[in-house]
Amino acid sequence: MTRNYPIAKPYITNKEISYVNEVLRSGILSLGPKYKKFENKFAKYVGSKYACAVSSGTAGLHLALIAAGIKKNDEVITSPFSFIASSNSILYLGAKPVFIDVEKNSYNMDASLIEKKINKHTKAILVVHIFGQASNMEKINRIAKKHNLFIIEDACESLGARYKKKMVGNFGKAGVFAFYPNKQITTGEGGMIVTNSKKVYALCDSLRNQGRSNNMQWLDHQRLGYNYRMDEMSAAVGIAQIEKIDFMLKERTKIKQHYEKYLDTDLLELPKTMPNNHHTWFVYVPIIKNKKINRDKLIAELYKKSISTKPYLPSIHLFSFYKKKFGYKNGDFPVSEHISRYSLALPFYIGLKKNDIEYISKIINTTLKKYE
Ligand SMILES: *Cc1c(COP(=O)(O)O)cnc(C)c1O
């Protein structure tokens, strides 16, 4: 029997299908009851006062930064080891992303390097909680307070993650989640801004809806807004997903535990959970120990054996657009670059059973050993 393992797959059951059917039959495809219901359930899960559903995580980050008052020529401190959307959303406002290298154990921003980069233009810290694990919020909060900076959380990869028992999304002015099909929960495309501030919520609610006044009258547009609304079909999928979030996160943890059992730790450095963290496992990304390996060749070889793996993630500052715009070069953020160079994201989705992980791990171990 040949098996074929993609890198990610959404977990869709009859629940999603029936909820979407209900929307389609109702004839109300946008601005109906479902997005509100999804927001309420989501806010309750994350423990935030307000949730504002949007069309993507990127849209959510854009609005959260507007709500934090980020303007042209401001500087926003953030991580180079992230999906490009976190940094791009800063550029949308004409502000400048200022990168801080990451910690080698958590892949999250190294808080001890932040203060050196603060100057009179610095307005906010856009914290990225990468791969399902919170950043060191104790240190980051202390710095933000001392220098009077806003915190915005990019929690797009970390739904359900906690730092010292507090859920991510609740540490700053706003937190943003994303629901692309590879995330912990999906809506197809979609995102959510959470906040404990009524003002931030009201502003995001207006901005996602063409700048309309919050009482939903078409009569007035109070500000420059966008169409960043989430449609009702997506919201219906989101409701079904958030209703089974506990099960889904548990399943992901099991897969991680199987990998820990079967992968050869002489060859791979496995992901770690930092103290005070509850980790929710967005992806599983070990680091290849043998630095002489051509990782991309290895990926091609594994692909031939029907196992999809991926370099994950490339460092943002080395994308051609960023190099050209800011003059970044190799060596600017060495830890981030090191992880980018030797990381290997493995198949990781609900439905992978213990014997699948055993099989995948065996192939990875033997393929890696050939290079020793
Ligand atoms: C997925 C993701 C986003 C953006 O999500 P989209 O919904 O694809 O726009 C932002 N930041 C990080 C770190 C992500 O992983």
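## The pocket and its ligand

On a 1 Å grid over the protein atoms alone, a pocket is an open set of points where a 1.4 Å probe fits, with protein on both sides within 12 Å along at least five of seven lines. A molecule sits in such a pocket if more than half of its atoms lie within 2 Å of the pocket's grid points. With that in hand, here is the starting point for this structure: the space taken by the ligand is the largest pocket.

Before going further, please keep in mind that this is a predicted model, in which local features need pLDDT of at least 70, side-chain atom pairs count only at pLDDT 80 or more, and totals for chains, interfaces and linings use all residues. Residues are numbered from 1 along each chain as its sequence is written, and side-chain values use heavy atoms, with hydrogens and water left out.

## Who surrounds the ligand

The ligand is surrounded by 13 residues (a residue is near a molecule if one of its heavy atoms lies within 4 Å of it). Gly57, Thr58, Asp154, Glu157 and Lys183 are the closest of them. By residue type, the shell divides into five nonpolar, five polar and three charged residues. Here Ala, Val, Leu, Ile, Met, Phe, Trp, Tyr, Cys and Pro count as nonpolar, Asp, Glu, Lys and Arg as charged, and the others, Gly among them, as polar. Helix α3 (residues 57-67) gives the largest share of the shell, three residues. Helices are DSSP runs of H or I with at least four residues, strands are runs of E with at least two, and both are numbered from the N terminus.

Which side chains make polar contacts with the ligand, taken as pairs of N or O atoms within 3.5 Å? Thr58 places a polar side-chain atom 2.4 Å from an oxygen atom of the ligand. An N or O atom in the side chain of Asp154 lies 2.7 Å from a nitrogen atom of the ligand, and an N or O atom in the side chain of Lys183 lies 2.7 Å from an oxygen atom of the ligand. The ligand on its own has 380 Å² of accessible area, and the protein covers 93% of this; the areas come from the Shrake-Rupley method with a 1.4 Å probe.

## Buried loop residues

Is Thr280 buried or exposed? Thr280 belongs to the loop between β11 (277-278) and β12 (287-288), and it counts as buried because its relative accessibility is 1%, where buried means under 20% relative accessible area, exposed over 50%, and partly exposed in between, with a 1.4 Å probe and protein chains only. From there, the side chain of Thr280 reaches the backbone oxygen of Leu159 at 3.1 Å. For polar contacts within protein, one atom must be able to donate a hydrogen and the other to accept it, and residues adjacent in sequence count only if both atoms are side-chain atoms.

Ala161, in the loop between β5 (150-154) and β6, is buried as well, at 0% relative accessibility. Ala161 and Lys120 are 41 residues apart in sequence, with 32 Å between their C-alpha atoms.

## Backbone details to look at

Two residues other than glycine deserve a look for their positive phi. Tyr107 has a phi of about 65 degrees; this residue is in the loop between β3 (96-99) and β4 (122-128) and is buried at 5% relative accessibility. Lys164 has a phi near 50 degrees and lies in the loop between β6 (162-163) and β7 (166-167). With a relative accessible area of 43%, Lys164 is partly exposed.

There is also a cis peptide bond, joining Tyr312 and Leu313, with omega about -10 degrees. Leu313 is in the loop between α9 (295-304) and α10 (320-326).

## Pairs across the chain

Ile7 is in the segment before α1 and is partly exposed, at 25% relative accessible area. How far apart are the C-alpha atoms of Ile7 and Pro347? They are separated by 3.9 Å, with the two positions 340 residues apart along the chain.

Glu22, in helix α1 (residues 14-26), is partly exposed with a relative accessible area of 43%. The C-alpha atoms of Glu22 and Tyr342 are separated by 46 Å, and the two residues are 320 residues apart along the chain. Finally, Lys369 in helix α12 (residues 354-369) is partly exposed at 47%; its C-alpha atom is separated by 9.7 Å from that of Asp266, 103 residues away along the chain.

Conventions. On a 1 Å grid over the protein atoms alone, a cavity is a set of points where a 1.4 Å probe fits but cannot get out, and a pocket is an open set with protein on both sides within 12 Å along at least five of seven lines; lining residues have an atom within 4 Å of a point.
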